[in-house]
Amino acid sequence: MFPDHIRELAAKLLAEYELAGYTLATAESCTGGLIAGALTDIAGSSKVVDRGFVTYSNVAKSEMLGVPPSLIYAHGAVSPEVAVAMAVGALAKSKADVTVAVTGVAGPGGGTPEKPVGRVYIATAVRRGAAKHKEYTFPGDREAVRLATVQTALERLRTARPETGIR
């Protein structure tokens, strides 16, 4: 279902988290659950994956993750502020030690000069640590943007550590 490099990355992440005793949750908008799907495609993932939130609409972001509508209104759903609020909200609404949140413009439409197609914000939040975010602009069509987002989110999760925050 997923390309081999994503399956291998997901398997490595799960093994590392299981060894460390960490659990994780995802909060996804532009990927529509693909990050959780890549993780749960690996047998035994239930030892690590607590839950996934697919919050495609702004209402879902608010209802499920507690993202303030005023924040979405002020910055837009595709923004670092909303990505961080999604990650922090997923942490608050789950038993996970680490969360990752993604929001972006996968295309083919919906882009603007300020937020072009391919613009994605990925945020991570950890217990006993600070939430962090990073902006990306991935090239390609909708599938390429979404798969690049999945890969990058998994890579970001590999560096998240509850004791020390994000490196």
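This short talk walks through one predicted protein model, from its central sheet to a few individual residues.

Good morning. I shall begin with confidence, since the coordinates come from a prediction. The protein chain has an average pLDDT of 95, and 97% of the residues score at least 70. Confidence is highest in strand β1, at 99, and lowest in strand β7, residues 165-166, where the mean is 42. Where pLDDT is low, the predicted coordinates should not be read in detail.

Let us turn to the sheet. In what order do its strands stand? The sheet is open, has 5 strands with mixed pairing, and is ordered β2-β1-β3-β4-β5. Two strands stand at the edges, β2 (49-54) and β5 (132-137); each has a single partner strand, so one side of each is left without a neighbour in the sheet. From one strand to the next, the twist averages 15°.

Strands of a sheet pair through backbone hydrogen bonds, either parallel or antiparallel. This sheet shows both senses: β1 and β2 pair in the parallel sense over 5 bridges, whereas β4, residues 119-126, pairs with β5 in the antiparallel sense over 6 bridges. For a reference point in the parallel pair, please find alanine 27, whose bridge partner in β2 is phenylalanine 53. In the antiparallel pair, isoleucine 122 stands opposite lysine 134 in β5.

Is strand β1 enclosed or open to the outside? Of its 5 residues, 5 are buried, so β1 is largely enclosed by the rest of the structure. Leu24, Thr26 and Glu28 point one way from the strand, while Ala25 and Ala27 point the other way.

Helices accompany the sheet. Helix α6, residues 142-159, lies across β1, β3, β4 and β5, and runs at about 25° to β4. In helix α3, residues 58-65, the buried residues are Ala60, Lys61, Ser62 and Leu65. What covers them? The cover includes strands β1, β2 and β3, together with helices α4 (69-75) and α5 (80-92). Directly after α3 comes glycine 66, which has a positive phi, near 75°.

I now move to individual residues, beginning with threonine 99 in strand β3. Its relative accessibility is 0%, and threonine 99 therefore counts as buried. The side chain of threonine 99 reaches the backbone oxygen of alanine 87 at 2.7 Å. Beyond residues up to four places away in sequence, threonine 99 touches several others, among them Ala25, Ala123 and Leu157.

Arginine 119 has its place in strand β4. Why does arginine 119 count as buried? The reason is its relative accessibility of 12%, because buried means under 20%. One polar atom of the arginine 119 side chain lies 3.1 Å from the backbone oxygen of glutamate 114. A further polar contact, of 2.9 Å, joins the side chains of arginine 119 and threonine 137. Leaving aside neighbours within four places in sequence, the contacts of arginine 119 include Val78, Thr103, Glu135 and Tyr136.

Next, the aromatic rings. A pair of aromatic rings is described by the distance of the centres and the angle of the planes. How many aromatic pairs does the structure hold? There are 2. Tyrosine 17 and tyrosine 22 have ring centres 5.5 Å apart and planes at 85°, so this pair is edge-to-face. Both partners are buried: tyrosine 17 has a relative accessible area of 0%, and tyrosine 22 has one of 10%. The other pair, tyrosine 136 with phenylalanine 138, is stacked, with 5.3 Å from centre to centre and 10° between the planes. Here too the partners are buried, tyrosine 136 at 15% relative accessibility and phenylalanine 138 at 12%.

My last residue is valine 48, found in the loop between α2 (34-40) and β2. At 1% relative accessibility, valine 48 counts as buried. Which residues does valine 48 contact, leaving aside its neighbours within four places in sequence? They are Leu14, Tyr17, Glu18, Tyr22, Thr23 and Leu24. This list includes Tyr17 and Tyr22, the partners of the edge-to-face pair. Along the chain, valine 48 and serine 70 are 22 residues apart, and their C-alpha atoms are separated by 33 Å.

To close, I would ask you to keep in view the open sheet of 5 strands and the enclosed strand β1 within it. Thank you.

Methods: Residues are numbered from 1 along each chain as its sequence is written. This is a predicted model: local features need pLDDT of at least 70, side-chain atom pairs count only at pLDDT 80 or more; totals for chains, interfaces and linings use all residues. Side-chain values use heavy atoms; hydrogens and water are left out. Two strands pair if DSSP finds at least two bridges between them. Helices (H or I, at least four residues) and strands (E, at least two) are DSSP runs, numbered from the N terminus. Axes are lines fitted to C-alpha atoms, for helices over the stretch in contact, and angles run from 0 to 180 degrees between N-to-C directions. Contact means heavy atoms within 4.5 Å. Buried means under 20% relative accessible area, exposed over 50%, partly exposed in between (1.4 Å probe, protein chains only). A polar contact is a pair of N or O atoms within 3.5 Å; within protein, one must be able to donate a hydrogen and the other to accept it, and residues adjacent in sequence count only if both atoms are side-chain atoms. Rings of Phe, Tyr and Trp (its six-membered ring) pair if their centres lie within 6.5 Å; planes under 30 degrees apart count as stacked, over 60 as edge-to-face and the rest as tilted. pLDDT is the predictor's confidence in each residue, from 0 to 100.
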